[in-house]
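Reader: Please pick one part of this structure and walk me through it up close. I'm in my first year, so plain words are very welcome.

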Amino acid sequence: MTNTAPYRGERHDADEWTTDVFVRRQGRRLCVLSHITPAAPDRATKPSCI
């Protein structure tokens, strides 16, 4: 998925992997979880776990 959004007057584009989980309740589908991960992490940023 490619996501584009304005933030503080600037345009931000992101290439992301998305996962949505749905359950069926009383004949309706309800989204119970959404997860977004960058497809190509910014190499200038160090992971916080290191």
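Author: Let's start at one rung of the ladder: Val23 has a bridge partner in S3, and that partner is Leu30. Keep in mind that we're looking at a predicted model. The rung belongs to a longer run of pairing, since 10 bridges join S2 and S3, and these two strands run antiparallel. S2 covers residues 10-25, while S3 takes in residues 28-38. Together they make a hairpin, with two residues between the strands. Look at the turn and you'll find Gln26, whose phi is positive, at about 50°.

Now stay with Leu30 and look at the surface. Leu30 joins Val21, Val32 and Leu33 in a nonpolar surface patch of about 310 Å². Which strand gives the most to that patch? It's S3, which supplies three residues. Val32 is a handy one to check, as it sits in strand S3. Its relative accessibility is 52%, and exposed means over 50%, so Val32 counts as exposed.

What about the other neighbour of S2? S2 is also joined to strand S1 (residues 2-7), this time by six bridges, and again the two run antiparallel. Two pairs to find on screen: Ala5 is opposite His12 in S2, and Pro6 is opposite Arg11 in S2. S1 and S2 form a hairpin too, with two residues between the strands, and there Arg8 has a positive phi near 50°.

Arg11 deserves a second look. Its side chain meets that of Asp13 in a salt bridge, with 3.0 Å from N to O. Side chains of opposite charge can pair when their charged atoms come close. How many salt bridges does the count come to? Just one. Is Arg11 buried or exposed? Its relative accessible area is 62%, which is over the 50% cut-off, so Arg11 is exposed.

Move along S2 and you reach Glu16. This residue is buried yet has no salt bridge. The nearest side chain of opposite charge belongs to Arg11, and that is 13 Å away. A salt bridge needs the nitrogen within 4 Å of the carboxyl oxygen, so a gap of 13 Å doesn't qualify. Who does touch Glu16, then? Setting aside neighbours within four places in sequence, its contacts are Met1, Asn3, Ile36, Thr37, Pro38 and Ala39.

Here's a thing to keep in mind as you turn the model. In a regular strand the side chains alternate between the two faces of the sheet.

Finally, zoom out. The protein chain has three strands and zero helices, and along the sequence the pattern reads β-β-β. How much of the chain is buried? Buried residues make up 2% of its 50 residues. The chain exposes about 5,100 Å², and carbon and sulfur atoms supply 53% of that. And of the contacts with a separation of 6 or more, 4% come from residues 24 or more positions apart.

Technical notes. Residues numbered from 1 in each chain as written. Predicted model: local features only at pLDDT ≥ 70, side-chain atom pairs only at ≥ 80, totals over all residues. Heavy atoms only, no water. Helix = DSSP H or I, 4+ residues; strand = E, 2+ residues; numbered from the N terminus. Buried < 20%, exposed > 50% of the residue type's maximum accessible area, 1.4 Å probe, protein only. Lys, Arg positive; Asp, Glu negative; His and termini not counted. Contact = heavy atoms within 4.5 Å. Patch = residues over 30% accessible without salt bridge, like charges linked within 9 Å, V, L, I, M, F, W, Y side chains within 5 Å. Areas by Shrake-Rupley, 256 points an atom, 1.4 Å probe, with all protein chains shown as cover. Pairing = 2+ DSSP bridges.
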